[in-house]
Every structure is written in C-alpha cells, then in structure tokens.
Amino acid sequence: MATSDDSTRSIRFDQLVSRAGSIGYRALVWATIVFLLSPLAVVVIISFQESAYATWPPQAFTLEHYTTLPEKLGFLGVEEALFVSVELAVATGIVSTVLGALAAFAIVRYDFKYQTTLETILISPLIYPWIVVGLSLLLFINRLGDILGIAIELNFWTLLVGHVMFTLPYPIRTIGASLQNYDDSLEEAAQNLGATELESYLRVTVPLIQPGLMSGFVFAFILSFNQYIVSLFLSGPETTTMPLVLFSLFYNTAPATLAAIATLLMAGVLTVIFVMEYLFGISDFM
Amino acid sequence: MTRQQSETTFGRVNERLSGVLRKYRDTRIGKYALIGPTLLVVAVLMIFPTIILLSYSFNPYDQGAIQAGSTLAHYVRAFTTTLYQDTLVRTIKIAVIVTIIDFVLGFPLAYAAVRKGGWMGKLIVIATLAPLTIDLVVRSFGWFILLNGTGVINSTLMELGLVTRGNAPQLLFNETGIIIGLSHVMLPFMVFPIINVMHTIPHDLEEAAQNLGANRLTVFTRILVPLALPGISAGILITFVVSLASYVTPALLGGGVRVIPVVITETFTSTSNWPFASALSMILVGVALLVIIAYQRVLKEMEGVGGV
C-alpha cells in the first residue's frame, strides 16, 4: 500500500518538475527575445521623447529631434559620411558577390586536389580578427608604398580593398548553397535546345541562383555599411564613413539627437532588407 | 536602328564569349580562372599583410622610432608587464563568459525556433536577425541607454524599490557592461548555426527517447547535444574568436576597462609604436589559431564517440 502511494507521489512530483521546467523554458526564450530587441527599441523610444538626454521613463513625446535634424546633419558630418558609406557598401557588395560567385561556381562544379584546404582558406576571413585585417592591411599598404617608392594615399579605394577582403566568405557561402540546390542539367538542356554557353549561364543559371546572389550581396553590403574597425585603419582624412562618425558622436552629442540619427539608419537598413526579401526571397540563404 | 546595332554587337560578343567558354570550360585553365581571382585576393590581402605584421612585431622600437634589426622585446613586454598580462587574461575571460552566456541563451532559442515553428519560429528568426543588421555603435548606444546609472534598468529597479540610488548596481564602464554588450552582439552567431543543424534532427528521436522513459535532461545531453554538435561547435568557435577580437563594444561600454583590441588601437593611434601594436595583434591571431586547431582535434575525437 505504502509503495503505490509513494509511486503516485513521485509521478506527481515528476509532473511538477516537468511543468516547472516547461514554464522556465518558455520564460527563458521570451527573456532572450526581449534581450535581443530591447537595445534597438530603447533607441527608438529615446528619439521620440522630449528631453535632449536619455532620461527614463520618458516624460513627454515629441518629433523635435527629427525636425531639427536637417540643420544638424551637415554640421555633424553625417551627410557626407552617409554618402561615402553607401557608395562603399554598394561597391563592396558588387565586387564581393562577383568574386564570390566565381569561386563558389568553381568549388561546387569542379573537383580540386585539396578541396577542403581550399575551402578553408576561402572561408578563413570569417574568423580572422577584423582588427588584424585593418592593422595588417595598413602596414601592407605602407610597405608596398616604400617598395614602389610612392606614398599610397588612404582613400575610398584602400577602404574598398579592406572591405572586399573581410566580406568575401559570405557570398561564397550563400551562392555555393544556392548552386548546390539546383541541377546543372538545366544548363545542358538549354544548350541542347540551341542556347549558346553565355546565354545558358545568363538566362538559366543566374536567374536560378538569384536568391543566393542577392543574399550574398545584402550580407556584404550590411557588413561593409556597419564596419568600424577596418575602416578606422584604412580611411584617409578625406573619407569618413558612417560608423566612424557615429562612434565619434557617441559621447559628444546629445543622446536624443544620436538616437534620432540611429533610428533613421535602422529604418533604412531594415527597409533595404525587407525590399530585398520581398523581391528576391533572400532569407532562404541567410 | 540603334537597337538592331546593339543586338548585333551582343550577337558578336555572345558568339566570342561562348566560344571561349566552350573551349576552356572543362579544362584546368577554366577551373583556375574561376577560383584564381578570389584566391589571389585572400592571399594578397590576408596572408601577405599578416607576414608583414609578423615582421613588424620583431622590429626594435627606440626613442620614438622603429629601428632595424629584430627583437622579442615586444612579446616579452606583453607577457611580463602586469598591465598587459591582466588585459590579456581579462580579454580571454570575457570571451569565455560571453560564449557560455550565448550558449545558455542561444540553444533554447534555436530549439524553440525549429520545434515551435509557425509565427513563434518567425519571431525568433527576425528577433535574432534584426540586431545583426544594425550598426555596432547603435547597438552599444542602446545598451548605454539601458545600463547607465540613471538608465532604463536602474530607474526601473529604483521605481520598484529594489535598489536605492546608493546601492544601484554599476552595469556600465566595467566588465559587466562589456559582457552584456558582447553577448548581445554575438548571440546571432550562436543561434543560426544551431538552427541550421536542428532542422536536420528528426523530432521522432526525441519522442522515442521520451516514450522510453528519458527525461528532458537526458534527451538534451544524450540526443540533442551529440546530434547538434556540428552547429554548436561552429557557434561556440565563432562566438569565442570574434568576441576576443571585438573593438567597438568594449571601447564604448568598457570605460577605463580595456581589452586587447582596445589596447592595440590606442597604441597604434596615440603612439607610433607600431611594433608593439603588431606584437599584440599577433598574440590575438595566435590565440585564435590555437583555439581553432585544438577545436578541430577535439571534434575529430568526438566523432568516434557520438556514432549515431
């Protein structure tokens, strides 16, 4: 009698533990979602509250930090930096995607003797410290200038070189994944039906791997647009990028103004992503 | 008229290029022409500069200038000066703690994203992806608003009467601030590899184990972890190595508390002691390489044990 009582009690205890476990699990997941989104949310909230400082809780709400923004932007150097950053991110995205596409095509379609080593080398910028990328490239450019006997100026092009280097693995991965997903007999079929090689690549292969191409481009674009440390080493006096300006404004401008700029930036980046997702379905290869 | 012209030009280009493609497509030349440019970019822009960095790290630095010759003085200075020893230990400690926090938060999140699916899965993916696309400075600014002395967290705690202005926890300008900020930055890098591998684990396995009497903990340690190991290890590796080398978050949230990348940047920008900055960078590369090598060995040994 006593034993059966014990066993029902232990079953009930088990259920209790299991119930508590599942509640705890759910709480942990929700807490993590809040953890991920709260730093972004508070920036938006602060940009709409009245005080120039990041006071909490907000007393009243206003659009003032946005309406006064146009006159401040030029003075803070934001406009020019934004222009450089967008240009740089687009150029990086294009170069990285083209190089990445060629390499991905080679890796997927051909057999190499040292396939794994080759793939490791191509992917290695992924875990190579960004700060070392910046510093070592700067020293490299310096040394190259010494050898050639010229002073190489730090400008848009040195930035582009650094940005292409650290973004390369992303398009290789996304395009490689999308190439693996499709059957190369489609190309052959197109060629058997009278398409030339060039036509079959442009009209069959490229459209089929478009999601991979576009997500590779978006990855490279965003990484370049947000890159700070590589740009710190490689930017010249004439070329300042957006992250560099934001960093210098961090403790040197009214928090509400910075929050307004940051909110607009977030809106811009998220818009780009949603448009690309809507047009090309890039999330399959994220 | 112009259109016809361009069509014929295209026709000519088309024929020429297709001829070239046909000729070289299945040859060695074609193969290496495709991979060559990218390989060259990586070699010239990563390997050469690293060699130059290494050579700089041996250059003597005296009287404010880089001298000819070679010396190990910079490495000795980095490893024997208490200041740099402490910084190195702190940098590694922070990276370890961040990796643990991100695994504890990231695994359940990835699991929920895959097993719950539907709108919950989408919400988790969007919540994880969104911060990844936002500038690091902006994200640090968000943490500044949350963590500073009169920030969101401390204000709320005071409102609730849990702490007073006198004993409010200091969450910013110390290691805590860096750890919180970096955990946020690195979490997506932990979650996505685990999500990818979790998709390949059949749910039936867990149900079967549970029907056979395994509890949640057993299912987790004996089924999920071994099967998800490739994703988990990728997540842990990236989280650790990238945390180690992070600059923006520690520089903005750490205050006077420095990590190695902050010291490298300060040394480089405020003195002309490039050799010492190079030596510190090489130490960073060395630690990262050690972790990657040790890791591959551990992984290879574990493959035999898992065996499902």
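## The core

Which residues have the most contacts inside the largest nonpolar core? They are A:Leu135 and B:Ile194, and the core they sit in has 155 residues. Keep in mind as you look around that this is a predicted model.

Helix α8 (residues 175-198) of chain B supplies the largest share of this core, with 15 residues. The core also draws at least three residues from each of domain 1 (1-56) and domain 2 (74-306) of chain B. Those are the two domains that the domain assignment gives for chain B, and their C-alpha centres lie 39 Å apart.

Now zoom in on B:Ile194. If you skip residues up to four places away in sequence, B:Ile194 touches B:Gly106, B:Phe107, B:Ala110, B:Ala228, B:Gly231, B:Ile232 and B:Gly235.

## Where the chains meet

Chains A and B share a contact that takes 64 residues from chain A and 65 residues from chain B. On chain B's side, helix α2 (residues 28-56) gives the most, with 15 residues. What kinds of residues make up the side of chain B that touches chain A? There are 49 nonpolar ones, 11 polar ones and five charged ones.

## Two helices side by side

Next, try finding helix α4 (residues 82-116) and helix α10 (residues 216-244), both in chain B. They pack at an angle of about 145°, and their axes are 9 Å apart. The crossing of α4(B) and α10(B) is right-handed.

Who meets whom here? From α4(B) come B:Thr91, B:Ile92, B:Ile94, B:Ala95, B:Val98, B:Thr99, B:Asp102, B:Phe103 and B:Gly106, and from α10(B) come B:Gly235, B:Ile236, B:Thr239, B:Phe240, B:Ser243 and B:Leu244. Sorted by type, the residues of this contact are eight nonpolar, six polar and one charged.

Helix α10 of chain B is also where you'll find B:Ile238. B:Ile238 has 19 other C-beta atoms within 10 Å, so it counts as partly exposed. Leaving out neighbours within four places in sequence, B:Ile238 is in contact with B:Phe189 and with A:Ile127 from the other chain. B:Leu88 is 150 residues away from B:Ile238 along the chain, and their C-alpha atoms are separated by 19 Å.

## Covered and uncovered in chain A

Helix α13 (residues 242-249) of chain A is mostly covered, with seven of its eight residues buried. The buried ones are A:Met242, A:Pro243, A:Leu244, A:Val245, A:Leu246, A:Phe247 and A:Leu249. What covers them? The cover includes α3, α4 (78-109), α12 (229-234) and α14 (255-280) of chain A, together with α6 (136-147) of chain B.

Is A:Phe75 buried or exposed? A:Phe75 counts as exposed because it has 8 C-beta neighbours inside 10 Å. You can spot A:Phe75 in helix α3 (residues 69-76) of chain A. A:Pro39 is 36 residues from A:Phe75 along the chain, and 27 Å separates their C-alpha atoms.

## Two positive phi angles

Chain B has a couple of backbone angles to check out. B:Gln63 isn't a glycine, but its phi is positive, near 50°. B:Gln63 lies in the loop between β1 (61-62) and β2 (65-66) of chain B, and it is exposed because just 5 other C-beta atoms lie within 10 Å.

B:Phe173 isn't a glycine either, and its phi is a positive value of about 60°. Look for B:Phe173 in the loop between α7 (152-159) and α8 of chain B. With 18 other C-beta atoms within 10 Å, B:Phe173 is partly exposed.

Definitions and conventions: Residues numbered from 1 in each chain as written. Chains lettered and ligands numbered in written order. Predicted model: local features only at pLDDT ≥ 70, side-chain atom pairs only at ≥ 80, totals over all residues. Axes fitted to C-alpha atoms, helices over the stretch in contact; angles between N-to-C directions. Helix = DSSP H or I, 4+ residues; strand = E, 2+ residues; numbered from the N terminus. Left-handed = near helix turned anticlockwise from the far one by under 90°. Contact = placed C-beta atoms within 7 Å. Nonpolar A, V, L, I, M, F, W, Y, C, P; charged D, E, K, R; others polar. Buried ≥ 20, exposed ≤ 12 C-beta atoms within 10 Å, placed from the backbone. Core = buried A, V, L, I, M, F, W, Y, C linked by C-beta atoms within 7 Å. Domains from an automatic or database assignment.
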